[in-house]
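User: I have a chain open on my screen and would like to talk through its fold. Could we begin with what holds the inside together?

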Amino acid sequence: MTWEQEIIDYSLSCMPEEACGLLAKVNQTIRFYKCQNYAEDKINNFMIGVDDWMRIEDQAHIVGIVHSHPNSKAELSEPDKKNCIGLDYPYYVVSCLDKNFKVFYPKDLKWCLLKLLFMVN
């Protein structure tokens with residue numbers, strides 16, 4: 001199974017809660033690592049634990065953060081945008097409704113933010 005299909009299948013299996021995990025590169029191969037969701041409100045939020053992050057980082061080079069939106073489209077929420085920029089990792093958002101995902105890159109979000117700032121001023 002591909003990592004693309006694996007993130008969709010895992011997200012569906014976690015419903016109604018948000019799924020989360022990390023994509024990491026091992027010997028030029030991308031792998032999906034499932035993580036426990038430590039958020040208080042798992043239906044609307046996700047939080048990857050430090051122990052999961054460190055365990056995966058010890059084995060591989062992290063290249064992206066995965067989480068699902070059980071009841072909405074594969075779009076970033078406002079907190080997702082801030083975290084994607086702040087953590088500086090691509091966000092892979094899975095829509096359980098549509099059974100697909102989209103990738104959002106921090107550099108693209110930063111560029112949109114800069115354009116917005118210049119338009120306001």
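Analyst: This is a predicted model. Its largest nonpolar core has 18 residues, and Leu22, Ile48, Ile56, Ile65 and Tyr91 are those with the most contacts inside it.

User: Which elements each supply at least two residues of this core?

Analyst: Strand 1, strand 2, helix 2, strand 3 and strand 4 each do so. The largest share comes from strand 1, with three residues.

User: And which residues does a second, separate core include?

Analyst: That second core has 11 residues, including Tyr10, Leu23, Val66 and Val94.

User: Back to isoleucine 56. What is it in contact with, leaving aside neighbours within four places in sequence?

Analyst: Isoleucine 56 is in contact with Leu22, Ala24, Tyr33, Cys35 and Ile62. Isoleucine 56 is itself one of the buried residues of helix 2, along with Asp52 and Trp53.

User: Where do those buried residues sit around the axis of helix 2?

Analyst: They are on the same side of helix 2, because they cover an arc of only 100° around the axis. The buried residues of this helix pack against strand 1, strand 2 and strand 3.

User: What does the face turned away from the buried side carry?

Analyst: That face of helix 2 carries the exposed residues Val50, Asp51 and Asp58.

User: How does helix 2 run relative to strand 2?

Analyst: Helix 2, residues 50-59, runs at about 160° to strand 2 and lies across strand 1, strand 2 and strand 3. Helix 1 runs at about 10° to strand 2, and it lies across strand 1, strand 2, strand 3, strand 4 and strand 5.

User: Let us stay with helix 1. How many residues does it have, and how far does it reach?

Analyst: Helix 1 covers residues 3-14, which is 12 residues. From its first C-alpha to its last it reaches 16 Å, close to the 16 Å expected at 1.5 Å a residue.

User: Which of its residues are buried?

Analyst: In helix 1 the buried residues are Trp3, Ile7, Ile8, Tyr10, Ser11 and Cys14. Seen down the helix axis they fall within an arc of 165°, so they line one face of helix 1. Their cover includes strand 1, strand 2, strand 3 (61-69), strand 4 (91-95) and strand 5 (100-104).

User: Why do residues three or four places apart point the same way?

Analyst: An α-helix has 3.6 residues a turn, so residues at that spacing point the same way.

User: Now the sheet. In what order do the strands come?

Analyst: The five strands form an open sheet in the order 2-1-3-4-5, with mixed pairing. Strand 2 and strand 5 are the edge strands, each pairing on one side only. From one strand to the next, the twist averages 25°.

User: How do strand 1 and strand 2 pair?

Analyst: Strand 1 (residues 20-26) pairs with strand 2 (residues 29-35) in the antiparallel sense, over seven bridges. Together the two strands form a hairpin with two residues between them, and asparagine 27 in the turn has a positive phi of about 50°. Within strand 2, phenylalanine 32 is the bridge partner of leucine 23, while tyrosine 33 stands opposite leucine 22.

User: There is a histidine I keep looking at, histidine 67. Is it buried or exposed?

Analyst: Histidine 67 is found in strand 3. It counts as buried because its relative accessible area is 0%, and the cut-off for buried is under 20%. Not counting residues up to four places away in sequence, histidine 67 touches Glu18, Ala19, Cys20, Phe46, Asp80, Tyr91, Tyr92, Val93 and Val94.

User: What about aspartate 88, and where is its place?

Analyst: Aspartate 88 is in the loop between helix 3 (78-87) and strand 4. It is partly exposed, with a relative accessible area of 46%. Aspartate 88 and glycine 64 are 24 residues apart in sequence and 9.2 Å apart in space, C-alpha to C-alpha.

User: To finish, what pattern does the chain follow along the sequence?

Analyst: The pattern is α-β-β-α-β-α-β-β-α, made up of four helices and five strands. Of the 121 residues of the chain, 39% count as buried. Among contacts in the chain with a separation of 6 or more, residues 24 or more positions apart account for 58%.

Key
Residues are numbered from 1 along each chain as its sequence is written. This is a predicted model: local features need pLDDT of at least 70, side-chain atom pairs count only at pLDDT 80 or more; totals for chains, interfaces and linings use all residues. Side-chain values use heavy atoms; hydrogens and water are left out. Two strands pair if DSSP finds at least two bridges between them. The expected span of a helix is 1.5 Å times one less than its number of residues. Buried means under 20% relative accessible area, exposed over 50%, partly exposed in between (1.4 Å probe, protein chains only). The arc is that of the directions from the helix axis to the C-beta atoms. Contact means heavy atoms within 4.5 Å. Axes are lines fitted to C-alpha atoms, for helices over the stretch in contact, and angles run from 0 to 180 degrees between N-to-C directions. A nonpolar core is a set of buried Ala, Val, Leu, Ile, Met, Phe, Trp, Tyr and Cys residues joined through side-chain atoms within 4.5 Å.
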